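Work through the exercises below with the sequence and the model side by side. Each task is followed by a solution that proceeds step by step.

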Amino acid sequence: MANPEIYVACLASYNNGKLHGCWIDATLDESDISSEISEMLEESSEPYASDWAVHDYSGFYEAGSVLGEHPNLEKVSIAAKLIQEHDELASEVISHFCGDINEARKALEEKYLGEYDSLGDYAAEQCESLIGNIPDHIVRYIDYDGMGRDYELGGDVFTIKLDGKVHIFTNH
């Protein structure tokens, strides 16, 4: 599992050609992250050091790129906790929702339908759960891959492809 961290830099130092900053555990609460940033700024050799920026994300996979340089610290904390709990899948969902942490959390907690080898496997499972055991001589005529594609194209589900698997989420 990922241990999400952020590298926060003092911009007064940065603008004067000096590197001053620190790595902070992003799973801390917003107030604790803010306190660590304040401590880092107080230790700066530059007078009036008050501005900061996140210059690097570690353990966020691709989600760091949508959180940006001047993120809301509460969102960073929530994103880090989601990634710590759901690993790279959370990062992909956060990216899918363009950094909207509330939508990503809702999708992970309430809309996740499972991991499958393909959308067709998901469609087959849905059919069998609704209809029951379908005889083999009929199954070969059912286009489960087409059904799965229709679920996605019709907006019923969205998918995240990760490590050769398809993670399926409902849009309802």
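**Exercise 1.** Which residues of H2 are buried?

*Solution.* Bear in mind from the outset that this is a predicted model. Begin by finding helix H2, which runs over residues 30–42, has 13 residues, and reaches 18 Å from its first C-alpha to its last, close to the 18 Å expected at 1.5 Å a residue. Going along this helix, the buried residues turn out to be Ile 33, Ile 37, Met 40 and Leu 41. These residues cover an arc of only 100° around the axis, which puts them on the same side of H2. The general background is that an α-helix has 3.6 residues a turn, so residues three or four places apart point the same way. As a last step, look at what lies over the buried residues of H2: the cover includes strand E1 (5–10), strand E2 (21–25), strand E3 (52–58) and helix H4 (73–86).

**Exercise 2.** Describe helix H7, from its cap through its buried residues to the residue that follows H7.

*Solution.* Start at the N-terminal end, where Ser 118 caps H7, with a side-chain oxygen that lies 3.3 Å from the backbone nitrogen of Gly 120. The helix itself takes in residues 119–131, and its 13 residues reach 18 Å from the first C-alpha to the last, close to the 18 Å expected at 1.5 Å a residue. Next, list what is buried in H7, namely Leu 119, Gly 120, Tyr 122, Ala 123, Ala 124 and Cys 127. Among the elements that cover these buried residues are strand E4 (112–116), helix H9 (144–153), strand E5 (157–162) and strand E6 (165–170). Finally, step past the end of the helix to Gly 132, which follows H7 and whose phi is positive, near 105°.

**Exercise 3.** How many aromatic pairs does the structure hold, and what kind of pair do Tyr 112 and Phe 169 form?

*Solution.* The structure holds 7 aromatic pairs. For the pair of Tyr 112 and Phe 169, the ring centres are 5.0 Å apart and the planes stand at 55°, so the pair is tilted. Placing the two residues along the chain, Tyr 112 lies in strand E4 and Phe 169 in strand E6, so the pair ties together parts that are 57 residues apart in sequence. The accessibility of the partners can then be read one by one: Tyr 112 is partly exposed, with a relative accessible area of 33%, whereas Phe 169 is buried, with a relative accessible area of 0%. Widening the view, Phe 97, Tyr 112, Phe 158 and Phe 169 form one aromatic cluster.

**Exercise 4.** Where are Ser 58 and Ser 77 found, and what are they in contact with?

*Solution.* Take Ser 58, which lies in strand E3 and is partly exposed, with a relative accessible area of 29%. Once its neighbours within four places in sequence are left aside, Ser 58 is in contact with Asn 3, Pro 4, Glu 5 and Trp 23. Ser 58 and Tyr 7, which are 51 residues apart in sequence, are 8.0 Å apart in space, C-alpha to C-alpha. Turn now to Ser 77, which is found in helix H4 and counts as buried at 4% relative accessibility. With its neighbours within four places in sequence left aside as well, Ser 77 is in contact with Ala 26, Thr 27, Leu 28, Asp 29, Glu 30 and Ile 33. Of these contacts, Ile 33 has already appeared among the buried residues of H2.

**Exercise 5.** How many disulfides does the structure hold, and how far is the sulfur of Cys 10 from the closest cysteine sulfur?

*Solution.* The count of disulfides is 0. For Cys 10, the closest cysteine sulfur is in Cys 22, and the distance of 10 Å is too far for a bond. Cys 10 is buried, with a relative accessible area of 0%.

**Exercise 6.** Which loops hold Asp 87 and Cys 98, and what is the phi of each?

*Solution.* Recall that most residues other than glycine have a negative phi. Asp 87, in the loop between H4 and helix H5 (88–96), has a positive phi of about 60° although it is not a glycine, and Asp 87 is partly exposed, with a relative accessible area of 22%. Cys 98, in the loop between H5 and helix H6 (101–110), has a positive phi of about 55° although it is not a glycine, and Cys 98 is exposed, with a relative accessible area of 64%.

How values were computed: Residues are numbered from 1 along each chain as its sequence is written. This is a predicted model: local features need pLDDT of at least 70, side-chain atom pairs count only at pLDDT 80 or more; totals for chains, interfaces and linings use all residues. Side-chain values use heavy atoms; hydrogens and water are left out. Helices (H or I, at least four residues) and strands (E, at least two) are DSSP runs, numbered from the N terminus. The expected span of a helix is 1.5 Å times one less than its number of residues. Buried means under 20% relative accessible area, exposed over 50%, partly exposed in between (1.4 Å probe, protein chains only). Contact means heavy atoms within 4.5 Å. A polar contact is a pair of N or O atoms within 3.5 Å; within protein, one must be able to donate a hydrogen and the other to accept it, and residues adjacent in sequence count only if both atoms are side-chain atoms. The arc is that of the directions from the helix axis to the C-beta atoms. Rings of Phe, Tyr and Trp (its six-membered ring) pair if their centres lie within 6.5 Å; planes under 30 degrees apart count as stacked, over 60 as edge-to-face and the rest as tilted. A disulfide is a pair of cysteine sulfur atoms within 2.5 Å.
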